[in-house]
Amino acid sequence: MEPQKVGPGQIDKIADDLKKDPEKSIGNYLFKGFRIQISKYKASGAERVQQLYKRRRAQGLCIVCGTKVTRKNPLTGKLYRLCDEHRAQIDQKNKEKAKAKKGK
Ligand SMILES: [Zn+2]
């Protein structure tokens with residue numbers, strides 16, 4: 001993952017998050033040419049995936065590929081968890097599942 005360029009103010013914010021809510025501070029940052037990486041030590045693979053999903057969700061990115069999500073769910077008024085492409089894929093899968101169920 002490409003590090004996110006940050007300024008002094010953001011460094012303060014990251015340090016603050018790290019103290020109060022460490023999970024929020026997790027990320028890859030680039031400050032004046034220095035890379036800062038905050039990750040949980042010895043996190044399991046599943047834990048890391050979960051954190052990645054959570055982070056993408058919080059930033060309004062597709063949880064599968066990390067593309068910026070622009071479309072909102074008209075029912076909830078919130079951004080979708082997935083980009084158009086992945087939403088279409090999952091819709092398709094659900095339709096197939098529903099069909100398979102009906103067929104039984
Ligand atoms: Zn996607």
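**Figure 1. Two domains in the predicted model.** The centres of domain 1 and domain 2, taken over C-alpha atoms, are separated by 26 Å in this predicted model. The domain assignment places residues 1-39 in domain 1 and residues 43-104 in domain 2. Along its principal axes, the C-alpha trace of the protein spans about 60 × 30 × 25 Å. The radius of gyration is 18 Å, whereas a compact globule of 104 residues would have a value near 13 Å. Buried residues account for 7% of the 104 residues. Of the contacts between residues at least 6 apart in sequence, 24% join residues at least 24 apart.

**Figure 2. Order of the secondary structure elements.** Four helices and three strands are present in the protein. Read along the sequence, these elements follow the pattern β-α-α-β-β-α-α.

**Figure 3. The open sheet of β1, β2 and β3.** The three strands form an open sheet of mixed pairing, in the order β1-β2-β3. Strands β1 (4-5) and β3 lie at the edges, each pairing on one side only. Strands in a sheet pair through backbone hydrogen bonds, and the pairing may be parallel or antiparallel. Here β1 and β2 run parallel and are joined by two bridges. K5 has L30 in β2 as its bridge partner.

**Figure 4. Two lysine residues with positive phi.** Most residues other than glycine have a negative phi. K32 nevertheless shows a positive phi, near 45°. This lysine, K32, is found in the loop between β2 (27-31) and β3 (34-38). Its surroundings contain 9 other C-beta atoms within 10 Å; because the limit for an exposed residue is 12 or fewer, K32 is classed as exposed. K42 likewise has a positive phi, of about 60°, although it is not a glycine. K42 is placed in the loop between β3 and α3 (45-58). With 6 other C-beta atoms within 10 Å, K42 is also exposed.

**Figure 5. Helix α3 and the glycine that follows.** The 14 residues of α3 should span 20 Å at 1.5 Å a residue, and the end C-alpha atoms of the helix are indeed 20 Å apart, so the two values agree. After α3 comes G60, whose phi is positive, near 75°.

**Figure 6. The largest nonpolar core and the contacts of L61.** In soluble globular proteins, nonpolar side chains tend to be buried together. The largest nonpolar core of this model comprises five residues, namely L61, C62, V69, L82 and C83. Leaving aside residues up to four places away in sequence, L61 touches R56, G66, T67, K68 and V69. V69 is therefore a contact of L61 as well as a member of the core.

**Figure 7. Helix α4, lying largely in the open.** Helix α4 comprises 20 residues, 84-103. From its first C-alpha to its last, α4 reaches 28 Å, close to the 28 Å expected at 1.5 Å a residue. How many of the 20 residues of α4 are buried? The number is zero, so the helix lies largely in the open. A residue would need 20 or more other C-beta atoms within 10 Å of its own to be counted as buried.

Key
Residues are numbered from 1 along each chain as its sequence is written. This is a predicted model: local features need pLDDT of at least 70, side-chain atom pairs count only at pLDDT 80 or more; totals for chains, interfaces and linings use all residues. Two strands pair if DSSP finds at least two bridges between them. A nonpolar core is a set of buried Ala, Val, Leu, Ile, Met, Phe, Trp, Tyr and Cys residues joined through C-beta atoms within 7 Å. Two residues are in contact if their C-beta atoms, placed from the backbone, lie within 7 Å. Domain bounds come from an automatic or database domain assignment. The expected span of a helix is 1.5 Å times one less than its number of residues. The radius of gyration is taken over C-alpha atoms; the globule rule is 2.2 Å times the number of residues to the power 0.38.
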